[in-house]
Amino acid sequence: MTRIIVVTSGKGGVGKTTTTANLGTALAKRGHKVALVDADFGLRNLDLLLGLENRVVYTAVEAIAGECRLEQALVKDKRQPTLALLPAAQNRNKEAVTPEQMKKLVLALQKAFDYIIVDCPAGIELGFRNAIAAAKEAIIVTTPEVTAVRDADRVIGLLEANDIRNIRLIVNRIRPEMVEMQDMMSVDDVLEILAIPLLGVIPDDERIITASNRGEPIALSQERALPAIAFSNIARRLDGEEVPFLDLMAAHNTLLNRIRRFFRN
């Protein structure tokens, strides 16, 4: 059974597209056939984060209009042969596609892929309805900020109203030092408000930005960087494995102790 998952949040700028790119990459590394669908018509960015922007010829709009075959619109990732992108059109707005058309398009991908992950645009208008049209599951991405958490709570209600019940949470850009100083909400604080199962926690790390700017998702990294490990663990949990959550507070304190020992010596 193909799993169709929408990655959403409500609020913009919380890292949905970065999460989509890295999660798709991590799943492909595990041998799954993965299609990433950019549902942000008019403001596509998923191709940039994957480093595929120069290879886009056709988009979802041309596929819907019958101007090309769906297979022609899919852009294969040469680094991960089982990963493909269905790009959005930059020169069209969200009204160019209806939820019914989007649902038909996504369902047509089912026979070729194990996972279809839809990158949802910000907001709760037509772009949101397009993105969730075919979804059976949802991943909420939020940062530990009150505005982002409130918007996420609203989106959870909308997903449930559209009969999407399998909803899980990724808390992005956690900064342990700020949590320790009580200047940032903890993961437990966010979970208490949203009351959905936790799928993963991503640390705030400049290496994610560097990798994204290069069009090389950090999940491709061979390093044991915490963000790469976090995305790999999320992919494993989606596959049904029981994987302990990273203890970012402990990692932070270990780093501090190393720095203190360095200066003592």
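Is aspartate 205 buried or exposed, and what is its relative accessible area? In this predicted model, aspartate 205 is buried, with a relative accessible area of 15%, a value that falls under the 20% limit used for burial. Its side chain takes part in a salt bridge with arginine 207, in which the closest N and O atoms lie 2.7 Å apart. Arginine 207, by contrast, counts as partly exposed, at 38% relative accessibility, so the two partners of this salt bridge fall into separate classes of accessibility.

Salt bridges that share partners also join Arg30, Arg236, Asp239 and Glu241 into one network. Within this group, aspartate 239 forms a salt bridge with arginine 30, and the closest N and O atoms of the pair are 2.7 Å apart. This pair links distant parts of the chain, 209 residues apart, since aspartate 239 lies in the loop between α11 (226–238) and α12 (248–264), while arginine 30 lies in the loop between α1 (16–29) and β2 (34–38). Aspartate 239 is partly exposed, with a relative accessible area of 28%, and arginine 30 is likewise partly exposed, with a relative accessible area of 36%.

A further salt bridge is found between the side chains of aspartate 47 and arginine 44, with an N to O distance of 3.1 Å, and here both residues are buried. Over the whole structure, the search finds ten salt bridges. In general, side chains of opposite charge can pair when their charged atoms come close.

Turning to the nonpolar residues, the largest nonpolar core has 54 residues, and those with the most contacts inside it are Val6, Leu86, Leu109, Ile116, Ile140 and Leu159. The largest share of this core, six residues, is supplied by helix α7 (residues 146–161). When neighbours within four places in sequence are left aside, isoleucine 116 is in contact with Thr2, Arg3, Ile4, Ile5, Ala35, Val37, Val106, Leu109 and Gln110. Apart from this core lies another, of 36 residues, which includes Val34, Val56, Leu199 and Ile208 among its members. As a general tendency, nonpolar side chains in soluble globular proteins are buried together.

Cysteine residues were considered last. The search of the whole structure finds zero disulfides. Cysteine 68 is buried, with a relative accessible area of 9%, and cysteine 120 also counts as buried, at 2% relative accessibility.

Terms used
Residues are numbered from 1 along each chain as its sequence is written. This is a predicted model: local features need pLDDT of at least 70, side-chain atom pairs count only at pLDDT 80 or more; totals for chains, interfaces and linings use all residues. Side-chain values use heavy atoms; hydrogens and water are left out. A salt bridge is a side-chain nitrogen of Lys or Arg within 4 Å of a carboxyl oxygen of Asp or Glu. Helices (H or I, at least four residues) and strands (E, at least two) are DSSP runs, numbered from the N terminus. Buried means under 20% relative accessible area, exposed over 50%, partly exposed in between (1.4 Å probe, protein chains only). A nonpolar core is a set of buried Ala, Val, Leu, Ile, Met, Phe, Trp, Tyr and Cys residues joined through side-chain atoms within 4.5 Å. Contact means heavy atoms within 4.5 Å. A disulfide is a pair of cysteine sulfur atoms within 2.5 Å.
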